[in-house]
Amino acid sequence: PCHDNDLQGCPPGFDDFARDFQSVMKRAAQRYLMACALALDLPVDFFAKTLTQHGLSAIRLLHYPPCDFQEQGATSADVLRIGEHVDWDL
């Protein structure tokens, strides 16, 4: 990783699990690229050789702790914060 991970509050083994998960997802993405190439009658490595030069994947596991702005004297009008969401349309 580029930076040390802050694993405070994570269950034991979480770091290993996350690394294993990333490895499995990377292999799945590589297989998907091969399948797409074959479906389009392209050489099997057509997408893989290009996309892997630019980095095929990244996993960001983010945790945004709750904030009690009212305790700090702020009102909802004073606070700019995004609500619950996902970063993809599934």
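These legends go with a few close-up views of a predicted model.

**View 1. The whole chain, two helices and zero strands.** Helices (H or I, at least four residues) and strands (E, at least two) are DSSP runs, numbered from the N terminus. Of the chain's 90 residues, just 6% count as buried, where buried means under 20% relative accessible area, exposed over 50%, and partly exposed in between (1.4 Å probe, protein chains only). The accessible surface adds up to about 8500 Å², with 57% of that belonging to carbon and sulfur atoms; areas come from the Shrake-Rupley method with a 1.4 Å probe, and for residues only the protein chains shown count as cover.

**View 2. The salt bridge between Arg19 and Asp15.** Searching the whole structure turns up one salt bridge, meaning a side-chain nitrogen of Lys or Arg within 4 Å of a carboxyl oxygen of Asp or Glu. Here the N to O distance is 3.3 Å. Both residues sit in helix H1 (residues 14-39), separated by about one helical turn. Arg19 is partly exposed at 39% relative accessible area, and Asp15 is partly exposed too, at 24%.

**View 3. A nonpolar surface patch of about 550 Å².** Phe17, Phe21, Val24, Met25, Ile59 and Leu61 make it up. Patches take residues with over 30% relative accessible area and no salt bridge, joining like charges within 9 Å and nonpolar side chains (Val, Leu, Ile, Met, Phe, Trp, Tyr) within 5 Å. Ile59 lies in the segment after helix H2 (46-51) and is partly exposed, at 34%.

**Notes.** Residues are numbered from 1 along each chain as its sequence is written, and side-chain values use heavy atoms, leaving out hydrogens and water. In this predicted model, local features need pLDDT of at least 70 and side-chain atom pairs count only at pLDDT 80 or more, while totals for chains, interfaces and linings use all residues.
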